[in-house]
Amino acid sequence: MIVKSRAIVLHRFPYSDSSWIVKVLTQECGVVSFIVKGGKRKESPFKGAMDPLSLCEVVFNQNPQKAGGGDLQFIKEATLLDWHAGLRADLMNQAVAQVMTEILLRYAPQGVPLQDEFELLEQALRDLNSGEGSNGAATESREELQPRRVPSDEVFARWLLDTCDLWGYHLDLDVCSRCERPLEEPAADFHPETGGLICKACLGVDSARAKPETLLGLWKLRGGTYPNSPALSLKSAGFARVFVENALLAYLRNHIGFLKEIHSLAYLQEIRKLCSVQST
């Protein structure tokens with residue numbers, strides 16, 4: 001069966017001196033592995049379209065016995081739609097995008113269509129590609145899954161939150177998990193194992209397990225503003241993004257039930273350290 005679909009390149013690695021094996025997320029068929037013969041050659045018709053993070057349109061002959069497994073499909077055509085040049089020009093955004101694609105490769109359901117996952121990733125890459133990622137510019141998101149403007153420094157966290165929802169691990173940021181009352185200020189604690197936010201009244205005299213930066217970041221993620229609190233300084237607010245991303249990753253991994261190392265996370269951490277040093 002001939003399939004024509006938009007696709008996002010998640011990963012590629014050498015197959016021979018002239019060819020690639022490329023893993024893509026297609027809009028129609030989920031994750032598909034292609035063998036791209038001659039893809040390394042300068043005159044290859046697949047040049048650019050098979051680069052990691054590229055948005056392209058692919059045509060391939062889907063073998064029913066191979067579809068959805070780890071077997072290779074033979075690609076017939078690939079047309080580049082968006083190389084995401086703005087994203088590639090920003091080292092931080094590129095590192096974030098690599099983490100998102102690796103999470104999908106390691107954790108996404110196999111052998112099934114992943115249209116919602118495709119559209120979420122497409123929108124996240126579009127936000128990071130806006131060329132305004134460093135200053136927190138906002139971009140209109142897909143109406144069905146993200147009906148809001150997303151500051152680019154929240155793209156990864158919001159993508160994680162929406163991906164948890166898609167995979168059946170809804171995280172409610174609006175209410176206390178114990179008393180079920182709406183939160184009117186940052187939660188007093190957060191438990192990644194259960195995804196439970198706890199208000200001050202329910203926490204009582206117990207010590208919070210979550211860092212203040214995590215709680216601040218989760219509050220900001222749900223649309224709250226930074227409160228005037230000695231415990232949450234401007235420096236803490238700057239680091240909240242990283243803490244909330246780590247909390248959401250821990251939540252996702254706990255609910256999936258098995259752990260797979262995300263190698264690109266180490267690269268992202270190094271890039272953040274480098275950018276932090278350069279900004280001081």
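Begin by selecting strand β1 (residues 2–14) together with β4, two strands that pair in the antiparallel sense over 7 bridges. Before going further, keep in mind that this is a predicted model. Within that pairing, pick out Ile8 and look across to β4, where Leu55 stands opposite. Keep β4 selected and add strand β5 (residues 72–82), which pairs with β4 in the antiparallel sense over 6 bridges. Here Glu57 is a useful residue to label, with Thr79 in β5 standing opposite. If you now colour β4 by accessibility, you will find that the strand is mostly covered, since 5 of its 7 residues are buried.

**Aromatic pairs**

Stay with the side chains of β4 for a moment, and turn to the rings. How many aromatic pairs does a search of the whole structure find? The search finds 2 aromatic pairs. For one of them, select Phe34 and Phe60, whose rings have their centres 5.0 Å apart and their planes at 65 degrees, so the pair is edge-to-face. Phe34 belongs to strand β3 (residues 30–36) and Phe60 to strand β4 (residues 55–61), and the pair therefore ties together parts that are 26 residues apart in sequence. Showing the surface should help to place these two rings: Phe34 is buried, with a relative accessible area of 0%, and Phe60 is buried, with a relative accessible area of 0%.

Next select Phe156 and Trp159, where the ring centres are 6.4 Å apart and the planes lie at 25 degrees, so this pair is stacked. Both residues lie in helix α4 (residues 155–166), and they are 3 residues apart, which is about one turn of the helix. Are these two rings buried or exposed? Phe156 is buried, with a relative accessible area of 2%, and Trp159, at 2% relative accessibility, counts as buried.

**Charges over rings**

Return to strand β1 and centre the view on Arg12, which lies over the face of Trp20, at 3.9 Å from the ring centre. Then move to Arg88, whose charged end sits over the ring of Trp83, 4.1 Å from the centre of that ring.

**Salt bridges**

With the charged side chains displayed, the count comes to 12 salt bridges, and a few of them are worth visiting in turn. Select Glu122 and Arg6, which form a salt bridge with the closest N and O atoms 2.4 Å apart. This pair links distant parts of the chain, with Glu122 in helix α3 (residues 115–128) and Arg6 in strand β1, 116 residues apart. The two partners can be compared by their accessibility: Glu122 counts as buried at 9% relative accessibility, whereas Arg6 counts as partly exposed at 26%. Add Arg126 to the selection, and you have a network of salt bridges in which Arg6, Glu122 and Arg126 are linked.

Come back to Arg12, already seen over the face of Trp20, and add Asp51, which forms a salt bridge with Arg12, the closest N and O atoms being 2.9 Å apart. Asp51 is in the loop between β3 and β4 and Arg12 is in strand β1, so that the pair links distant parts of the chain, 39 residues apart. Asp51 is buried, with a relative accessible area of 16%, while Arg12 is partly exposed, with a relative accessible area of 24%.A further stop is the salt bridge in which the side chains of Glu185 and Lys200 meet (3.7 Å, N to O). Here Glu185 lies in the loop between α4 and β8 (189–191) and Lys200 in helix α5 (residues 200–203), 15 residues apart. Glu185 is partly exposed, with a relative accessible area of 38%.

**An enclosed helix and a surface patch**

Now select helix α6 (residues 212–221), in which 8 of the 10 residues are buried, so the helix is largely enclosed by the rest of the structure. Among the buried residues of α6 are Glu213, Thr214, Gly217 and Trp219. Follow the chain just past α6 and stop at Gly223, which takes a positive phi of about 105 degrees.

Finish on the surface by selecting Leu91, Tyr267 and Leu274, which form a nonpolar patch with about 250 Å² of accessible area together. Tyr267 is found in helix α8 (residues 263–279), and at 34% relative accessibility Tyr267 counts as partly exposed.

Key
Residues are numbered from 1 along each chain as its sequence is written. This is a predicted model: local features need pLDDT of at least 70, side-chain atom pairs count only at pLDDT 80 or more; totals for chains, interfaces and linings use all residues. Side-chain values use heavy atoms; hydrogens and water are left out. Rings of Phe, Tyr and Trp (its six-membered ring) pair if their centres lie within 6.5 Å; planes under 30 degrees apart count as stacked, over 60 as edge-to-face and the rest as tilted. Helices (H or I, at least four residues) and strands (E, at least two) are DSSP runs, numbered from the N terminus. Buried means under 20% relative accessible area, exposed over 50%, partly exposed in between (1.4 Å probe, protein chains only). A charge sits over a ring if NZ of Lys or CZ of Arg is within 6 Å of the ring centre and within 35 degrees of the ring normal. Patches are made of residues with over 30% relative accessible area and no salt bridge: like charges are joined within 9 Å, nonpolar side chains (Val, Leu, Ile, Met, Phe, Trp, Tyr) within 5 Å. Accessible areas come from the Shrake-Rupley method with a 1.4 Å probe; for residues, only the protein chains shown count as cover. A salt bridge is a side-chain nitrogen of Lys or Arg within 4 Å of a carboxyl oxygen of Asp or Glu. Two strands pair if DSSP finds at least two bridges between them.
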